[in-house]
Amino acid sequence: MNDRIAKQRLNVMIIVDCSKSMQGERIAQVNGALRDIKRQLSEMQDENSNVDFYLTVITFSNDARLLNGDKTKAVQDFNFTDIRAAGWSNLHTAYIQLADLLKKESRGGIMPDFGGVAPILLLMTDGHPTKWPMTEETAALKRLPWFNVALKYGIAIELNDKRTTDCLKEFVAGNGDVIECYNAALLKRIIKIIVLTASKVKSRSSSVHAEGAQSVVAEVKQEVQQALSEVDDWEW
Amino acid sequence: MQDRMLGEGIARQELNLLFVIDNSGSMEGEKLGAVNNAIRDVMSIMPEIQEDTSDATIKISALKFSDKAEWIYAEPQSVENFKWKDLGSEGGTNLSGAYDELAKWLTKKSNGGQMPDIGGVAPIIILMTDGLPTSYDWRDHLESLKKKGWFKVALKYALAIEIDTEEAMDVLKKFTGNPETVLKVYTAEALRKVINVIAVTASKVKSNSASVGVGGDAATNNEMAQAEIAEKLDEIDDVEW
Amino acid sequence: MLFNKNDEIDLGDKKVVIREPLGEGGQGEVYLVDYDGGKYALKVYKNEESSDFRYNLKNNIEKGSPSEHFLWPKKLIDFDDGRIGYLMDVRPKNFVSFVSYLTGKNTFASREVMLSWCINLCTAFKKLHEMGYSYQDLNDGSFFLGPDTGALLICDNDNVTADKKNLGILGKMRYMAPEIVRNEMMPDVHSDRFSLGVILFMALCLGNPYEGERLKNYDIIDEKAEYELYGSNPIFVYHKTDKSNRPIRGYHSSVLRRWAYIPLYVKEAFHRTFVDGLSDRENGRTTEIEWLRLLMRYRDELVRCPHCGYEFIYGFGEKAPVDKCPNCGKPKKEVCVLELGKHKIVLDIGKKLTAAHLDKFSAEYNRAVATVIANKNNPSLWGVKLDLSSPVAIKDANGVEKTIPGNGVIPIVRNLKIQFSENLIGGIK
């Protein structure tokens with residue numbers, strides 16, 4: 001018998017570039033990170049009475065796909081199969097897929113019909129989206145309330161391309177941050193820091209102070225920055 | 001139900017319970033928090049205490065004092081009607097003013113006080129203070145108060161609120177006239193014990209004696225009550241006396 | 001993290017040595033440390049705290065813990081950089097978080113144990129309030145429990161202040177009293193009492209008392225939604241007349257299932273706090289001492305279904321008689337009942353009499369002084385095993401009297417009278 005408190009659903013949606021350039025170290029780091037995230041979010045969930053974590057992984061190369069075909073799945077039930085890299089970098093197809101999901105369940109999406117929590121979106125790419133600009137696809141996303149309230153992070157993987165950076169910045173605009181990963185060997189740790197920190201901060205619902213608290217976004221940003229600076233310290 | 005046993009036409013006696021509360025500036029913080037809490041907790045279980053006191057109706061009054069003494073309710077209230085509103089702290093500690101108000105209260109109803117004109121049960125007075133009066137003539141006012149017959153027969157207790165000096169303790173001892181009725185523990189259960197023992201014993205003693213007037217009989221009555229109480233209090237080991 | 005393994009903090013006379021990180025919250029970090037030959041937990045505040053906060057913490061340390069249920073600060077530490085922290089005892093391993101109970105990861109061994117935990121909780125807050133303190137930030141993260149014993153530990157005691165004093169903390173949404181959410185009052189004893197009601201409701205029903213159908217009005221629970229749900233217009237899910245916010249079928253399943261079998265007098269107590277207590281914050285909210293009486297009564301009337309093991313109430317105070325197990329539907333077993341003053345105790349195996357049963361002036365609501373046991377050789381014979389310092393006298397239906405020593409066993413037979421003390425005679429029905 002499922003005797004437990006009813007919790008809200010916190011959707012964590014990870015959008016992974018799996019074009020050919022991601023082959024090798026980069027995709028291996030992503031796969032490693034996803035496995036760790038599943039385990040750690042499952043543990044975090046047991047010690048949290050506010051939210052249950054639900055995972056969605058969208059991969060894109062020639063076209064966008066849902067990993068395992070799952071639109072969304074309770075984190076403890078998510079079974080990862082390794083993502084393999086090949087093909088183009090059709091980011092716009094991922095945007096279309098994402099827009100499809102960021103709707104209420106009753107309209108075919110994955111967001112709850114009532115009482116939802118703003119989702120966490122993480123987009124990672126090593127650059128050069130095939131289609132540019134993606135005016136239509138971006139505008140379609142920005143019309144969705146769930147997209148606008150989402151906490152958004154972008155990871156620029158060993159990227160030296162202003163166009164892609166701008167693209168990530170536009171994606172996270174107003175409600176998130178773009179993190180640069182200069183060294184693919186650190187990718188796994190950076191992904192984990194972002195997803196786990198954002199999940200932790202968004203799920204913990206701290207006590208309120210009379211002087212007012214900083215926004216969740218600001219809090220996540222601060223903690224992510226702090227954790228990342230520790231990565232840097234350790235590495236160099 | 002007990003009324004009927006007492007016979008027709010005899011009203012239930014009133015048992016007056018009076019809290020005298022110091023809410024001066026020095027009581028700010030934990031002290032007043034503890035006092036507010038103690039009174040509300042006692043009120044929580046007052047229906048049980050009333051049940052144990054079958055042949056008297058408990059009436060509750062409260063007098064607060066800081067710069068001046070003020071009644072919380074103009075008239076004594078029944079258990080159901082007495083609602084406690086947390087006191088805040090303010091001003092000096094005019095214990096003299098409180099004693100003067102108390103003296104008026106301990107006067108017959110026909111003379112403007114709250115004591116019955118005929119008969120009656122000795123009231124219970126519980127003083128709650130940290131013993132730091134700022135009215136230095138409080139001893140004189142206590143002397144006048146002590147002349148009141150109803151004060152003599154009243155069952156007087158004092159709750160020592162975080163007192164650590166002899167001087168402060170002495171203020172409370174002077175009021176009760178008996179160091180053994182100055183209490184340092186003020187949990188609801190301990191207070192219940194005090195009120196309960198007094199209420200039960202007082203009403204029992206009362207029903208044994210033909211009439212209780214101010215003066216001779218009352219003093220005897222009070223002595224009997226005190227003796228019984230003392231005996232019962234001996235059995236109580238988790239209250240520090 | 002602020003510290004690494006083996007970092008040393010010099011306190012002049014003694015040293016604190018960092019062993020490992022134990023946890024991290026919004027406010028600070030907690031480490032396992034060595035100090036003065038023992039293991040302690042060290043909490044360090046991330047930000048510089050106000051001098052008022054420091055003074056209050058110091059004062060609380062000097063006053064000492066209200067009861068054994070609090071993981072109370074023991075020693076204040078000032079760091080060179082202006083930060084402060086304190087040492088406290090380490091939470092023993094056999095305690096699990098209240099949150100993990102809510103999420104279904106851990107459960108209480110029985111309903112009786114759960115009620116004992118609730119009774120511990122009320123005893124602890126009663127004690128805290130008797131000392132003139134208020135806790136100010138009761139929420140799901142503050143509590144730990146022994147799943148088999150009902151033992152309680154309360155953490156995060158750093159916001160405890162004298163009643164009506166405030167250091168700025170308001171509390172956590174979903175636990176805060178509405179007047180605090182609306183910013184009309186600062187936390188005090190009365191908002192503590194509201195939050196205590198929420199925690200008890202969560203313990204008993206596994207849900208929040210204000211989360212029901214009205215959630216459907218909101219696509220997203222943002223600050224505005226929270227303000228309305230918990231602040232400006234909170235409606236208790238089991239409000240007697242306003243039925244607009246009942247638990248949602250298929251979503252709040254545990255609340256729906258559990259509320260049905262809670263005794264009426266406990267339901268009334270929740271209704272007082274969550275309905276009457278909204279407008280009358282000082283006298284409308286069920287107090288700890290009232291909870292203690294009700295929860296004790298609830299525990300006293302629990303009986304275990306011999307067929308499925310489900311624990312349910314005998315039903316003394318219910319409108320409709322309880323004659324079958326709500327879980328498996330088989331008939332309720334007939335058990336002797338001990339009537340003792342105002343108490344009615346269903347003498348099922350394992351049932352305990354506490355000090356508070358025998359002495360109405362006792363504040364020991366969880367100290368067992370007798371337990372119902374089955375005879376080893378003949379399990380159909382039941383008795384009350386005493387753990388008292390003095391003997392009790394019994395008299396059976398035929399008037400035969402006997403003295404049972406303080407550590408003896410009273411046989412459970414109908415119409416037996418038990419004299420526990422001069423004024424306290426119980427009867428088995």
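**Three chains, two interfaces**

Biologist: How many residues of chain C are in contact with chain A?
Modeller: Residues count from 1 along each chain as its sequence is written, and chains are lettered from A and ligands numbered from 1, both in the order in which they are written. This is a predicted model, where local features need pLDDT of at least 70, side-chain atom pairs count only at pLDDT 80 or more, and totals for chains, interfaces and linings use all residues, while side-chain values use heavy atoms and leave out hydrogens and water. Contact here means heavy atoms within 4.5 Å. By that rule, chain A brings 32 residues to the meeting with chain C, and the number from chain C is 40.

Biologist: Which residues of chain C lose the most area to chain A?
Modeller: Buried area is the accessible area (1.4 Å probe) that two parts lose on being put together, summed over both. For chain C and chain A it comes to about 2900 Å², with carbon and sulfur atoms giving 50%. Together, the top three on the chain C side make up 19% of what that side buries: T103(C), D219(C) and Y251(C).

Biologist: Which residue of chain C forms a salt bridge with D3(A)?
Modeller: A salt bridge needs a side-chain nitrogen of Lys or Arg within 4 Å of a carboxyl oxygen of Asp or Glu. Chain C and chain A share 4 of them. In the one with D3(A), the closest N and O atoms are 2.8 Å apart, and the partner is R258(C).

Biologist: How many charged residues does the side of chain C that touches chain A have?
Modeller: Let's start with the elements (DSSP runs numbered from the N terminus: helices are H or I of at least four residues, strands are E of at least two). On this side, α2 (98-102), β12 (169-171) and α7 (253-259) of chain C each supply at least two residues. The classes give 17 nonpolar, 12 polar and, for charged, 11.

Biologist: What is the bridge partner of H209(A) in β12(C)?
Modeller: Two strands pair if DSSP finds at least two bridges between them. Strand β8 (residues 208-209) of chain A and β12(C) run antiparallel and are joined by 2 bridges. In β12(C), H209(A) is matched with I169(C).

Biologist: How far apart are the closest C-alpha atoms of chain A and chain B?
Modeller: Of the 2 pairs of chains that touch, A and C have the most contacts. Chain A and chain B are not joined by any contact, and their closest C-alpha atoms are separated by 20 Å.

Biologist: Which residues of chain C lose the most area to chain B?
Modeller: This contact takes 26 residues from chain B and 27 residues from chain C. About 2300 Å² is buried between the two chains, 45% of it from carbon and sulfur atoms. On the chain C side, 27% of what is buried belongs to E130(C), E282(C) and F361(C).

Biologist: Which residue of chain C forms a salt bridge with E51(B)?
Modeller: The rule finds 9 salt bridges across the interface of chain C and chain B. In the one made by E51(B), the closest N and O atoms lie 3.4 Å apart, and the partner is K342(C).

Biologist: What is the order of the open sheet of 6 strands in chain C, and which strands stand at its edges?
Modeller: The pairing is antiparallel, in the order β16-β15-β24-β23-β20-β21 (chain C). Each edge strand has a single partner, so one side of it is left without a neighbour in the sheet; these strands are β16 (343-346) and β21 (401-404) of chain C.

Biologist: What is the bridge partner of A393(C) in β21(C)?
Modeller: Strand β20 (residues 392-395) of chain C pairs with β21(C) in the antiparallel sense over 4 bridges. Within β21(C), A393(C) is matched with T403(C).

Biologist: Which are the edge strands of the open sheet of 4 strands in chain C?
Modeller: That sheet is antiparallel, with the order β17-β18-β19-β22 (chain C). The two that pair on one side only are β17 (352-354) and β22 (409-411) of chain C.

Biologist: And what is the bridge partner of K385(C) in β22(C)?
Modeller: Strand β19 (residues 382-386) of chain C and β22(C) are antiparallel, paired over 3 bridges. In β22(C), K385(C) is matched with V409(C).

Definitions and conventions: Ala, Val, Leu, Ile, Met, Phe, Trp, Tyr, Cys and Pro count as nonpolar, Asp, Glu, Lys and Arg as charged, and the others, Gly among them, as polar.
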